[in-house]
Amino acid sequence: MMTSIAASAIRTPQEKLAAILDSHQPRRLLTVSLNPVPVAEHWCDDHDCELIRIQEQNPFDALDHIDRVDMAIVADQLEYMSQRDGESLIGLLRNLHTDSLVAVYQPYLAPEKLRWSSNGFLALGCREEGHFAHDQRELLLYSYDLDSYNFKRAWNNPRFWANPENWGKYWW
């Protein structure tokens, strides 16, 4: 999936996020973060990419005014939301605004009652892209990409159906 930075050379979350951006080459990028996302800003400056920022505690109202984008990054946001609201945010982005997203999550910034388990991201169809720890800090990167979310299964074809003559004829 990475093109410009070899997987073994990635040492920081910023390098990983830049590699993900390089692999997707978005033309319109949305960041949902209480603070600026410098990697996204620099990448957009260098690649003629339109950057749309939402920097609000409650991003839902602002999303009503955003059209589809090529990719979204959620950073420094989920730590301050309930898991239910965070799931709603990721679901809204994934279902209405983009086919690809990256969630940057720092569990120890979140109060104990708001902390997500890794299963929370996996349940939303996300894949873990990186786990970075330094001193007492931890940062997790998760991504969702519609194109690779539901991989093609070898058994899902008419050969393995009980009635192969009905393959593709009925939707129920």
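Okay, let's start with one pair of residues: Glu129 and Lys16 come together through their side chains in a salt bridge, with 3.4 Å from N to O. Before I go on, keep in mind that what you see above is a predicted model.

So where do these two sit? Glu129 belongs to strand β5, which covers residues 127-134, while Lys16 is in helix α1, residues 13-24. That makes them 113 residues apart, so this pair links distant parts of the chain.

Now, are they buried or exposed? The cut-off for buried is under 20% relative accessible area. Glu129 comes in at 17%, so Glu129 is buried. Lys16 has a relative accessible area of 8%, so Lys16 is buried too. The Lys16 and Glu129 side chains also turn up as a polar contact, again at 3.4 Å.

Next pair. Which residue does Arg53 form a salt bridge with? The partner is Glu41, and their closest N and O atoms are 3.4 Å apart. Find strand β2, residues 50-54, and you'll have Arg53; then look in helix α2, residues 38-47, for Glu41. Those parts are 12 residues apart in sequence, and the pair ties them together.

What about accessibility here? Anything between 20% and 50% counts as partly exposed. Arg53 is at 46% relative accessibility, so that one is partly exposed. Glu41, with 24%, is partly exposed as well.

One more pair, and this time we're in the loops. Arg68 and Asp99 make a salt bridge through their side chains, at 2.7 Å from N to O. Arg68 is in the loop between α3 (60-63) and β3 (71-75). Asp99 is in the loop between α4 (83-97) and β4 (100-105). With 31 residues separating them, this is another pair that links distant parts of the chain.

And are these two buried or exposed? Neither, really: Arg68 has 39% relative accessibility, so Arg68 counts as partly exposed. Asp99 has 33%, so Asp99 is partly exposed too.

So how many salt bridges are there in total? The count comes to 6, and I've walked you through some of them, including Glu129 with Lys16, Arg53 with Glu41, and Arg68 with Asp99.

If you want to try this yourself, go back to the structure above and start from Lys16 in helix α1. From there, follow the side chain across to Glu129 in strand β5. That's it from me, thanks!

Definitions and conventions: Residues are numbered from 1 along each chain as its sequence is written. This is a predicted model: local features need pLDDT of at least 70, side-chain atom pairs count only at pLDDT 80 or more; totals for chains, interfaces and linings use all residues. Side-chain values use heavy atoms; hydrogens and water are left out. A salt bridge is a side-chain nitrogen of Lys or Arg within 4 Å of a carboxyl oxygen of Asp or Glu. Helices (H or I, at least four residues) and strands (E, at least two) are DSSP runs, numbered from the N terminus. Buried means under 20% relative accessible area, exposed over 50%, partly exposed in between (1.4 Å probe, protein chains only). A polar contact is a pair of N or O atoms within 3.5 Å; within protein, one must be able to donate a hydrogen and the other to accept it, and residues adjacent in sequence count only if both atoms are side-chain atoms.
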